[in-house]
Amino acid sequence: MRVALFLTCVNDTLYPDTGRAVVALLSRLGVDVDFPMGQTCCGQAHYNTGYRHEAEPLARHFADVFRGYDAIVTPSGSCGAMVRELYPRMGERARAEGRGDSLAAALAPVVHRTYELTEFLVDVLGVTDVGACYPHRVTYHPTCHGLRGLGLGDRPRRLLEAVRGLELVELPGADECCGFGGTFALKNAEVSAAMGADKVRNAESTGAEVLCAADNSCLMHIGGTMSRLRTGMRPVHIAEILASTQEEAAA
Amino acid sequence: MSGTFVGMPAFPVAAREAVHDATLRGNLRHATHTIRAKRARAVGELSDWARLREAGRRIKDHTLRHLDRYLVQLEESVTAAGGTVHWAADAAEANRIVTALVKATGESEVVKVKSMATQEIGLNEALEAEGVRAYETDLAELIVQLGKDRPSHILVPAIHRNRGEIRDVFVREMGAWGRPAPEGLTDAPAELAEAARLHLREKFLRAKVGVCGANFMVAETGTLVVVESEGNGRMCLTLPETLIAVAGIEKVVPSWRDLEVFLQTLPRSSTAERMNPYTSTWTGTADEDGPRAFHLVLLDNGRTDALADRVGRQALRCIRCSACLNVCPVYERAGGHAYGSVYPGPIGAVLSPQLRGTASEIDASLPYASSLCGACYEVCPVAIDIPEVLVHLRERVAQGGPAVREGNRVVLRPARGHAAERAAMRAAGWVFARPRALRAGQRLASRTRRLHPRTLPGPGRAWSGARDLPAVPVEPFRDWWQRTRGGKDGGR
């Protein structure tokens, strides 16, 4: 099986540790993962801000770069949802605008081969115990596009529950949006910040040291709020927890 | 606070005040979380909820596709049953029709059943201008009317008020409108309800004209349906001699069989009730029973324009349950008034810019009043994909394009104020089409990382006003990949 890592532009630029964690985790599970250097951005920000036509070349580029892989794995619920949910919609829309099937046909091969990381682990590799050790108190925030878009369900929870040393505590109001929402965070900064502050207060109330999620964009917003509010909690991507092993934990 | 939404500022500006109003935040948080949990329980009881939802979606889509046919059928049925049907292209025409009908009776006051359509067209204000006083009889609408306030929720328009505030409004204002509030009124719910009951009773018994909306209109029989939970509606629908209904054209359903679906999904979605307490249905007029004259005003007011939009038309499925408001994290913090319309919350953010167009500041800002979290779509009993419509409307605002306005095909120009964003999106698109350019940018960011401020000036304050910036790493992932596993990929 040829497996590609679709890291996302945000992770590539700002969160390389998450990328390294995915590579370490998948290698440990016997998956030889490739990072196609041509990858850039899936076009989600363009699409969701109302620039669908500008997102189309990015989607075509994505399909070009990742064509030929059997599985495309991404540590981002929202970018995963972009490819799986919105690429087909972009194709339909182009067709409705009288531009034929070319976009839909170009994107089709990558749509069903794209998996969010926890889906890939649980559904494709069939593992929930990835042999990780992370001796910390952790609360899990299911991000909106993972929860309601991709329907990740309890996959992340099952993976976390199998991590040795990890104490998983329930996050009150877990399924409520953290308030990031891409350009929403800038266009409606006050409401976004209020949502973020409520999310952080809920996280603090659990007594956890770490808030874990499967999307660094949301964690950037939550983490930025945590440090501004001087909470002492830290945001950690689920890949980094699942990649942790006994040796590192001891160190 | 004024009674109209004219000249509202953009959503973010209007929301700012609400975000910092601790009382309002508390009222909204308590109310929305309570009803949210109740709805989830009520819906969870039904094993066939997903199928009911799908059935509701299909009935509405079918009806909307054949709306011309069903509206004519409805007109024939209503006329045959002794009613009179009027067609109103817009709010002004609907107001003219209703005002003329009321004046023809010689009356100068009307009692009203809670109705979104009459709120939408500003009927009370139009009647007032012609010397006709309209009395709202729904408890929450009464609170809003007495308080010279504006509705902030579809189902519970006074959701932004707590008991103490309501008591104060009753004590201060009831006397000017009729029977004053009882001496020593407290904020106990039973006392407040009793005060409203006494105040309203004299209105019901005196009124000769009733004005209502309709939750559903059955084409095959010409039957109108009003769903309410206080009984005030039943009073207004049966006691007056003349009854005037104003309803959006999308409220028609083909047959009674179709009602079966919505009378299950609407109460559970809106008030979390298994069965609606007062469901009134009437067909034209009947001798010796109920109103002797019945008029139905069918309102377009932008609906046909919305119907012409492939993506946006799904908003016309809405049955006004307000489940989307109750789960919306943005509504919970911004409150209903920030949406600048009688339709607040997620559904308002997709309805208002379609019914009114995107020319005003508030309407152009509404499609962005969402984090696209999808909670609204998840609870919608007719499966309106609100995030999809929001993104579609963002496209219309940012890029312009073809649309239908007042029945005419037009090509909209992009809204003002999006030039910088457009340039940024184009620049980002250029970079993302060129992996080397992206890499150069990443490296530049990494090399200058020690110089990066923790907060940003100017527009960047939108981020760093409340959040610290993430630290830029020493090297982007792709550099690490190439350094440690370099050459393996061949530079694809």
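Q: Which residues of chain A does UniProt list for "domain: Cysteine-rich"?
A: This is a predicted model. The name comes from an unreviewed UniProt entry. That entry gives two spans of chain A, residues 3-83 and 138-222.

Q: How far apart are the end C-alpha atoms of residues 3-83 of chain A?
A: Residues 3-83 of chain A are 58% helix and 11% strand. The C-alpha atoms at the two ends of this span are separated by 16 Å.

Q: How far apart are the end C-alpha atoms of residues 138-222 of chain A?
A: Here helix makes up 47% of the span and strand 12%. The end C-alpha atoms of residues 138-222 lie at a separation of 15 Å.

Q: What distance separates the centres of domain 1 and domain 2 of chain A?
A: Chain A splits into domain 1 (3-124) and domain 2 (137-250). The two touch: 28 residues of domain 1 are in contact with 24 residues of domain 2. Taken over C-alpha atoms, their centres are separated by 22 Å.

Q: Which strands stand at the edges of the open four-stranded sheet in chain A, and why is one side of each left without a neighbour?
A: The strand order is E2-E1-E3-E4, with parallel pairing. An edge strand here has a single partner strand, so one of its sides has no neighbour in the sheet. The edge strands of chain A are E2 (33-34) and E4 (114-116).

Q: Which residue of E4(A) stands opposite Ile72(A)?
A: Strand E3 (residues 71-74) of chain A pairs with E4(A) through three bridges, in the parallel sense. Opposite Ile72(A) in E4(A) is Thr114(A).

Q: What is the hand of the β-α-β unit made by E7(A), helix H12 of chain A and E8(A)?
A: Strands E7 (residues 210-213) and E8 (residues 234-237) of chain A run parallel, joined by four bridges. Within this pair, Leu211(A) stands opposite Pro235(A). Helix H12 (residues 216-228) of chain A completes the unit, which is right-handed.

Q: Which helix gives the most residues to the largest nonpolar core?
A: This core has 93 residues. Those with the most contacts inside it come from both chains: Phe66(A), Tyr87(A), Phe11(B), Phe216(B) and Ile347(B). The top contributor, with seven residues, is helix H5 (residues 77-96) of chain A.

Q: Which chain A residue is in contact with Phe11(B), leaving aside neighbours within four places in sequence?
A: Contacts of Phe11(B) in chain B include Val330(B), Tyr339(B), Ile362(B) and Leu366(B). From chain A, the contact is Asn188(A).

Q: How many residues does the second, separate core have?
A: Among its members are Val111(B), Ile166(B), Leu185(B) and Ala306(B). The size of this core is 49 residues.

How values were computed: Residues numbered from 1 in each chain as written. Chains lettered and ligands numbered in written order. Predicted model: local features only at pLDDT ≥ 70, side-chain atom pairs only at ≥ 80, totals over all residues. Heavy atoms only, no water. Pairing = 2+ DSSP bridges. Right-handed = clockwise from strand over helix to strand, strands pointing away. Core = buried A, V, L, I, M, F, W, Y, C linked by side-chain atoms within 4.5 Å. Buried < 20%, exposed > 50% of the residue type's maximum accessible area, 1.4 Å probe, protein only. Contact = heavy atoms within 4.5 Å. UniProt positions renumbered as here; feature names shortened; annotations may be inferred. Domains from an automatic or database assignment.
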